[in-house]
Structures are given as C-alpha cells and as structure tokens.
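Reader: I would like to go through a structure with you, one question at a time. Please show it to me.

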2 protein chains.
Amino acid sequence: MRYRIGEVARLSDCKVETVRFYEQMGLLPVPARSSGNFRLYNESQLGQLRFIRHCRSLDIPLEDIRRLLVSQKHPEENCADINQLIDEQIDRVESRMQSLQQLRKQLVELRSQCSGKMPTSSCGILQGLSDCACHYPAER
Amino acid sequence: MRYRIGEVARLSDCKVETVRFYEQMGLLPVPARSSGNFRLYNESQLGQLRFIRHCRSLDIPLEDIRRLLVSQKHPEENCADINQLIDEQIDRVESRMQSLQQLRKQLVELRSQCSGKMPTSSCGILQGLSDCACHYPAER
DNA sequence: CTTGACTCTATAGTGGCTACAGGGATTCTA
DNA sequence: TAGAATCCCTGTAGCCACTATAGAGTCAAG
C-alpha cells in the first residue's frame with residue numbers, strides 16, 4: 001500500500017508542507033516517486049512520520065527527534081540517552097511553567113493598578129510599565 | 001545628557017543589536033547622530049526603551065507594545081483598551097500554562113515507561129512514542 | 001601611532017513551520 | 001473527450017524577536 005503526500009499528512013495530523021519540510025530536514029527518508037513525480041510513502045514511513053508528530057506534540061525539538069530516530073536504528077544499544085533526553089524535556093517544560101507562573105503574577109499585579117475607566121494619562125497600567133522600579137530593582 | 005547606544009543598551013538591560021532592531025521596527029524614534037555618525041539618545045528615549053523592555057519582560061508582543069506607545073501619546077483618551085490588552089496577555093499566559101501542565105503529565109507518564117537500563121529495542125519510551133494509540137485515540 | 005573598545009551598515013541565521021506563485025498530474029463530471 | 005476541480009511539484013519568502021557575523025569606520029588612552 002502506498003500513500004501520496006496528502007494522505008500521509010492527513011493520517012499523521014499535519015500539513016502537506018510540513019511533511020516536505022521534515023524530508024528536507026532529513027527526518028524522513030527520501031520517498032519513492034510515481035511516474036508523475038508524486039511522492040509515494042509506505043507504512044513504515046507513515047509510522048516514522050507519526051513518531052515525529054508524536055514527539056512534536058510533546059514539544060520535543062527536531063534535533064532531539066533526530067537523535068531518537070538514530071537510537072531507534074540501533075536496537076542493541078543502551079537506552080540511557082533516551083531517558084536523559086526525556087528528563088531534559090521535562091526539565092525544560094517545568095522551567096517554562098515556573099517562568100509563566102511568575103509572569104502571570106506580575107501581569108495580575110499590573111492589571112490591578114487600573115480600573116479601565118481612566119484617561120490614559122493616569123492609567124495605573126501605563127504608569128506601572130513606565131516605572132523601572134519593579135523591573136530593575138537595583139537601579140533605584 | 002546624551003547616551004550612545006552601548007550605554008542605553010546597558011541601562012535598559014538589552015543588547016546593542018536589540019536597540020537598533022527596535023528602531024528599525026519603529027518602536028523607538030530615529031535618534032540624533034554624533035559627528036562620527038554614532039546614535040545619540042536622550043533621557044526620554046531611554047525611558048521609552050525601558051518601557052519596551054519592561055513590556056517584553058512580561059512577554060507582551062511588539063505589536064501590542066506599539067499600541068501601548070500610541071496610547072501613551074494620547075493622554076486624554078480612555079484606557080479601556082490598555083486594560084483589555086493586559087487581560088488578553090493574562091489569558092495567553094494562562095492558556096500556555098495549561099498546555100504545559102498537560103504536556104508535563106504526558107512526558108512524566110512516558111518517562112515512567114522505562115528504567116533507562118534497556119536495549120533501545122525494548123525501551124518503553126521509544127515504544128510509547130511509536131504508539132499512536134495515545135496520540136490519536138480515534139485511530140484504533 | 002598604535003591599540004583596543006566602541007560603533008556603523010548590511011545581511012543571514014535561529015525554530016518550526018506556513019504561505020504563496022506558477023506550473024504539472026490526476027481524477028471527476030458533463 | 002473536454003473541462004473543471006483537486007491534487008501535487010519546486011522554489012522562495014514570511015512569521016517572531018531577536019542574535020550573530022563580516023567588514024568597515026570612530027574615538028580615547030598610552
């Protein structure tokens with residue numbers, strides 16, 4: 001069974017352009033071509049594309065996906081690297097969560113400075129944003 | 001008092017290239033020039049740059065910052081738009097927090113599938129990533 | 001007079017796609 | 001069998017907010 005690009009895109013929940021992009025990035029093998037020069041994919045290539053999409057849904061960067069694909073091709077090797085890669089991804093996600101937490105706090109604090117019914121000249125939000133005291137505490 | 005670009009960059013905690021970039025984006029007024037063609041900034045321009053950096057530290061997009069700068073130039077107008085802009089930013093941050101929460105859960109679940117001491121052929125993580133069951137529940 | 005720190009412009013790269021433009025292939029309908 | 005609709009092709013440029021580089025010029029200190 002062979003699929004054309006639109007079909008693999010649909011079956012792996014991404015756009016046609018994205019499939020071509022992955023090929024260009026070397027994440028997908030160069031596919032066979034039909035007589036009319038259309039890309040033709042088999043089950044294994046569809047599987048690989050789905051693997052990539054699954055990784056991307058976990059926000060794993062393309063470089064890391066590349067490493068995972070290499071690991072997959074070496075079944076006898078130890079999988080410690082894979083575990084480490086996922087641990088690092090979890091760390092990245094947690095650290096982003098922390099910054100967002102902090103960010104939210106600052107934004108809510110800023111928001112509380114104004115009721116929204118002022119002329120901009122006395123808007124607490126604009127004043128808060130102009131004030132460098134909270135952003136650069138060392139400066140005054 | 002006039003500052004050269006390196007100084008305003010230092011005083012507003014960003015890189016020299018970033019200052020030039022903001023100028024190019026029209027977020028900073030075109031500065032005066034010295035006889036040797038160096039950019040020269042005054043206090044007010046430094047203030048505006050700090051305002052921008054403060055907004056960026058809250059992850060407010062440049063387009064929104066542009067709107068805030070315009071509002072600042074119209075002190076008599078009502079500040080409802082500014083409040084709405086911040087509310088939208090809070091919404092964006094909260095929705096990103098939620099996706100990260102979800103992401104973390106999935107990654108931790110995936111991580112639990114392997115001890116890290118297997119050959120890659122039986123690594124639970126690789127198997128989990130190859131499995132489309134969790135990512136495309138509708139498909140089987 | 002040279003060194004070194006600073007600045008200038010212009011251009012390209014980052015990540016992960018997305019969106020054209022301008023054509024060819026295939027398939028469906030009349 | 002003609003024409004239309006839908007797919008597909010390559011190549012290039014755009015998105016965001018910078019960052020980095022090349023190759024040159026400016027300026028103050030020693």
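Reader: How far is a phosphate oxygen of DNA strand D from an N or O atom in the side chain of B:Tyr22?
Author: This is a predicted model, in which local features need pLDDT of at least 70, side-chain atom pairs count only at pLDDT 80 or more, and totals for chains, interfaces and linings use all residues. Residues are numbered from 1 along each chain as its sequence is written, chains are lettered from A and ligands numbered from 1 in the order in which they are written, and side-chain values use heavy atoms, without hydrogens and water. A polar contact is a pair of N or O atoms within 3.5 Å; within protein, one must be able to donate a hydrogen and the other to accept it, and residues adjacent in sequence count only if both atoms are side-chain atoms. For B:Tyr22 and the phosphate oxygen of DNA strand D, the distance is 2.8 Å.

Reader: Which polar side-chain atom lies 2.6 Å from a phosphate oxygen of DNA strand D?
Author: The side chain of A:Arg33 has an N or O atom 3.0 Å from a phosphate oxygen of this strand. The atom at 2.6 Å belongs to B:Arg56.

Reader: What percentage of the atoms of DNA strand D that come within 4 Å of the protein do sugar and phosphate account for?
Author: A residue is near a strand if one of its heavy atoms lies within 4 Å of it. DNA strand D is surrounded by 20 residues, with A:Gly6, A:Arg20 and A:Arg39 among the closest. Of the strand's atoms within 4 Å of the protein, the sugar and phosphate share is 88%.

Reader: Are α5(A) and α5(B) roughly parallel or roughly antiparallel to each other?
Author: Helices are DSSP runs (H or I, at least four residues), numbered from the N terminus. Axes are lines fitted to C-alpha atoms, for helices over the stretch in contact, with angles from 0 to 180 degrees between N-to-C directions, and here they come within 9 Å and cross at roughly 155°. Angles under 35 degrees count as roughly parallel, over 145 as roughly antiparallel, 65 to 115 as roughly perpendicular and the rest as oblique. The two helices are therefore roughly antiparallel.

Reader: Which C-alpha in chain A is nearest the axis?
Author: Copies are superposed by least squares on the C-alpha atoms of residues with pLDDT of at least 70 in both. A turn of 180° and a shift of 0.0 Å along the axis lay chain A on chain B with an RMSD of 0.1 Å, so the copies are related as by a two-fold rotation axis. At 3.0 Å from this axis, the nearest C-alpha of chain A is that of A:Met97.
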